[in-house]
Amino acid sequence: MKSKVFLWSFIALLILPLTIVKADDTLDTESAKQFNEPRYHQMIDEWKKKGIDSVAPLEYAINPSSFLGTTSEWVDQTDSDGYGSDVINWRDNNKVTFEVEVEQEGLYEIGFDYYPLGDAIVPIEGAIQVNGQYPFSESRQIVFPIDWKNETKEFDVDRFGHEVIPKQVPIEAWHHMKVEDSSHLYTRPLTFHLNEGKNTISLINLRGSTLLGKAYVTAPEQVPSYQEYIDQYSSAEKINDIKIQEAEQPLKKNSSYIRPESTEDPSVYPYDSNKLYLNTYGGDSWSTPGQQVDWEVNVKKAGLYRISFKVYQGNDSGDPVFRSVSINGEVPFKEVEQYRFPQKNEWYNETFSGEEDKPYLFYLEEGSNLISLKADISKNNRVIFAIDDVMKRIEEISLSIRKLTGNQQDHSRDWDISEYLPEIEEDLMSWAQTLNKEADYLLTLSGGVKTTNVVSLQIAAEKLQALADKPDEIPNRMTELSEGSNSAAQMLGTAMTSIQKNPLLVDRFYLHGDKSIPKAEVGFFPKIKNWATQFFQSFTKENLATSEVKEETVEVWVNRPRQYVELLQHMTDQNFTTETGIKVKYSIMPDEQKLILANAAGSQPDLALGISNWLPYELSIRGAAADLRQFEDFSEVGRKFSPGAFLPLIVDDSIYALPETQDFYVQYYRRDILETLDVPVPNTWEDVTEILPELQRYGMNYYTPIAGAVAFKPFQTTAPFIYQFGGTLYEEDGIGTTIDSESSLAGIQFMTDLNTIYSTPLQVPNFYNHFRYSTLPIGIAEFGTYVQLTSAAPEISGWWDIAPHPGIEQEDGTIERWATGSGQSGMIFKGSDKKEPAWEVLKWWMSTETQTEFATTLQTLYGPEYMWNTANLDSFAQLPWPQEHKDVILQQWEYLREVPKAPYAYMVEREISNIWNQVVFDGENTRSATDDSVITIDREMRRKLEEFDYMKDGKVLKPYQIPTIEQVEGWLGVDEN
């Protein structure tokens with residue numbers, strides 16, 4: 001491998017100017033398009049042009065016993081949880097297939113009976129093929145919804161008497177669903193084209209497990225108009241009573257993280273200025289399309305009722321939001337299928353009404369009824385499709401321009417872009433017209449109000465028009481097209497995200513007749529009285545809290561958002577304090593830099609959590625942190641973590657913090673694309689270089705974290721190459737750097753060869769977007785990318801996977817995969833007089849049980865974007881993540897090797913980055929650039945080591961010990977276990 005790298009390095013000297021210009025040449029999206037099926041709405045239009053449409057009402061029910069074949073496990077009816085027949089345990093990427101024979105060609109809906117298994121937090125995902133093909137891109141990913149409820153009907157209270165959100169539990173029962181698109185961009189279920197006669201339908205498991213019962217093929221249901229609906233109940237009684245239902249206790253919801261909120265407003269009920277009640281429901285937690293809430297109401301009489309919801313619709317964009325209304329599981333009539341709630345920065349009563357505000361009447365049965373609201377953005381889907389199309393085309397044209405210019409901006413050079421891209425002016429003007437058309441459409445939805453998204457589309461259109469007027473200036477105006485926060489592409493991306501958010505906060509709703517209902521807002525004077533009461537109470541609350549901390553409580557500062565701190569405080573009060581008697585007070589720390597100032601002023605806390613992993617080192621080397629090795633059970637506690645995670649937390653023979661969270665760098669890859677290309681997932685860097693020609697032939701490439709950094713390349717992007725080639729960064733005694741050693745130099749050489757020889761991308765502003773759009777179907781990325789793909793890429797969910805970091809194969813056949821994993825940490829201050837109780841708090845917090853409960857509760861209450869990457873290895877193995885992904889991450893963490901800290905480490909980091917820039921951009925020799933950097937590093941090293949009394953007048957007073965993984969393992973007694 002090393003000889004091959006050397007040969008390529010020699011060739012690079014001859015072709016370097018060409019390779020630098022062509023480094024981004026492979027990021028071409030045109031070839032990647034062939035791997036994407038058309039969207040559902042495009043296929044609907046195509047089918048309708050051919051005269052293919054919905055058919056008359058009918059239903060085919062296919063028993064599992066009639067399925068043609070499956071590798072899934074059969075479950076006897078006695079173990080089918082009351083289904084009454086044998087069912088299938090559908091899991092592990094298995095496929096079930098069944099045939100249906102229809103008498104008429106047309107569009108049909110497909111449904112299933114299912115009973116969710118597993119922890120319910122990991123979604124159950126599948127894909128559908130019809131006659132051996134995916135008919136549209138949405139059929140590649142469908143989700144089987146799971147219903148949730150509160151574990152208890154009553155809300156618990158915390159130490160201050162405030163109500164706390166109860167745990168969420170899945171409802172264990174058989175469900176029925178009709179296949180919908182995972183993004184919920186359409187109001188109704190998806191329809192599939194079936195030919196006359198026999199058709200084969202296959203359901204492929206992508207993730208999760210469920211018992212699978214009957215499959216159904218049905219004609220699309222026809223929703224009546226309001227007039228048709230009300231004519232059915234012409235003889236029904238109009239009820240004139242009024243029934244009030246509080247919204248914060250629904251019967252169920254299809255998303256665990258739709259939750260009650262504490263709203264401090266005297267207009268809501270219940271309300272107390274001295275307590276926080278969970279008195280409203282939804283808001284930002286109920287803004288994702290497809291989220292549904294079901295309330296059970298009991299009425300004394302069957303008849304026709306008006307329904308009014310008291311809501312607060314404070315959408316930041318100013319756009320209206322939409323909800324689909326269902327009564328007892330069915331949309332009663334078309335007019336409430338996409339019901340509009342206008343934006344108002346106040347509480348208001350929305351009585352479901354039609355033209356001229358004439359209230360609709362809904363028929364309810366005597367006794368129990370189910371009223372449901374489902375977040376719906378189908379009114380906006382045309383705008384989303386248009387924006388997505390324009391963004392992709394902007395990306396394509398931007399990449400074409402980068403190819404022409406070599407990704408360089410030269411304001412002294414003139415370009416004739418029209419010669420190379422003759423249709424660029426027409427394209428830009430066409431996209432601008434599209435955006436203006438969609439902005440006008442949004443204006444009609446908002447009732448003429450110029451919302452933030454309308455303005456964003458108009459400004460983006462103006463930018464495209466301005467660029468179309470002077471196309472030859474585009475290479476030097478890329479910040480207006482696709483780069484930077486003020487570009488047209490960035491504006492469109494922000495607008496598309498905003499358009500898909502539909503928050504609605506509900507206080508209560510009314511079932512009533514022709515009677516007035518209570519006003520939504522209290523009057524002016526009650527609000528003034530409430531404001532004054534809160535103002536004076538704030539002084540009392542602050543004094544009580546301060547007194548408690550000073551007298552007997554362990555004070556903890558936490559560098560995390562309020563949701564994390566509130567959950568942590570509740571768990572501590574409920575579990576830790578009741579068991580140990582140690583009181584703990586958590587405070588939000590908005591800026592971790594304040595710890596340095598607080599320590600200097602002598603007002604530091606006892607314990608700090610959620611701080612960057614470099615901060616304990618900076619405080620400890622200045623004598624401000626407590627050595628955790630002083631505690632007798634430290635080694636027992638420390639064995640729960642990766643030894644390599646301790647390296648930046650060590651000075652000499654002392655460890656000054658515990659790893660709290662841990663990052664990971666793994667390979668992300670698109671299963672669908674790599675399978676289509678028959679490209680294997682690489683295991684080593686040599687494998688990576690072997691698949692690059694095939695990827696680049698189709699206009700694709702391989703992403704490395706170096707491309708995600710801008711001018712400065714941090715250790716996270718450079719150190720893995722040095723480590724994997726057997727190199728190090730420092731001398732063993734800390735006096736000098738070793739980046740000029742043969743092993744380290746080989747790693748640096750290969751790191752630059754990836755760009756200069758193998759033409760991997762030089763700069764990728766957002767790997768997540770390129771991964772979604774198929775231009776970079778494989779690459780190395782961190783935990784943040786995992787969260788993004790899990791929570792914000794439903795269109796490819798189930799079609800991406802992860803694998804360990806590529807490494808270097810050794811003579812014995814093993815593969816060195818060393819990578820960094822910086823996370824957050826927790827430390828105790830040396831100036832604390834409560835070190836022992838603070839250690840008890842830190843131990844409890846980082847224990848397996850606490851970390852698992854915290855992670856599970858956090859993700860259940862707040863959604864997948866709140867995934868918790870605990871550093872506790874035993875706890876991580878129990879998290880509600882896909883098991884196959886946890887296995888890969890734990891395997892990669894066996895090669896976790898964080899960069900140790902040294903007083904001059906920042907200079908080593910900067911100079912390695914400078915070497916990369918000099919070699920890749922300036923064509924400098926790697927050895928020469930490294931030798932120059934070593935001189936610079938040594939100069940700074942002497943200055944910093946003298947500052948901390950390791951050197952004086954150029955002479956070494958004492959060695960600066962660089963910690964190693966072997967040393968940490970010895971301290972923790974890893975070999976003994």
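In what order do the 5 strands of the open sheet with antiparallel pairing run? The order is β2-β5-β15-β7-β8. The model is predicted, and this sheet is a convenient place to enter it.

At the margins of the sheet lie β2, residues 69-70, and β8, residues 142-144; each of these edge strands pairs on one side only. The partner of β2 is strand β5, which covers residues 95-102. The two strands pair in the antiparallel sense, over 2 bridges. To find this pairing in the structure, start from T70, whose bridge partner in β5 is V96.

Another open sheet has 4 strands, in the order β36-β37-β35-β38, and its pairing is mixed. Its edge strands are β36, at residues 702-703, and β38, at residues 800-803, and each of them pairs on one side only. The neighbour of β38 is strand β35, made of residues 666-670. β35 and β38 are joined by 4 bridges in the antiparallel sense. Y668 can serve as a marker here, as its bridge partner in β38 is I802.

A helix also belongs to this part of the picture. Helix α26, residues 883-893, lies across both β35 and β38. Its direction makes an angle of about 25 degrees with β38.

Next comes a contact between two helices. Helix α12 spans residues 562-580 and helix α23 spans residues 835-845. They pack with their axes 12 Å apart, at an angle of about 105 degrees. Angles from 65 to 115 degrees count as roughly perpendicular, and α12 and α23 are therefore roughly perpendicular to each other. On the α12 side, the residues that meet α23 are L568, M571, T572, N575 and F576. On the α23 side, E840, V841, W844 and W845 meet α12. By class, the residues of this contact are 6 nonpolar, 2 polar and 1 charged.

How confident is the predictor in the model, and where is the confidence low? The mean pLDDT of the protein is 90, with 94% of its residues at 70 or more. Over residues 1-33, however, pLDDT stays under 50. For that stretch the model has 66 contacts beyond four places in sequence. A further stretch with pLDDT below 50 is residues 542-549, which has 6 contacts in the model beyond near neighbours in sequence.

Methods: Residues numbered from 1 in each chain as written. Predicted model: local features only at pLDDT ≥ 70, side-chain atom pairs only at ≥ 80, totals over all residues. Heavy atoms only, no water. Axes fitted to C-alpha atoms, helices over the stretch in contact; angles between N-to-C directions. Parallel < 35°, antiparallel > 145°, perpendicular 65-115°, else oblique. Contact = heavy atoms within 4.5 Å. Nonpolar A, V, L, I, M, F, W, Y, C, P; charged D, E, K, R; others polar. pLDDT = per-residue confidence, 0-100. Pairing = 2+ DSSP bridges.
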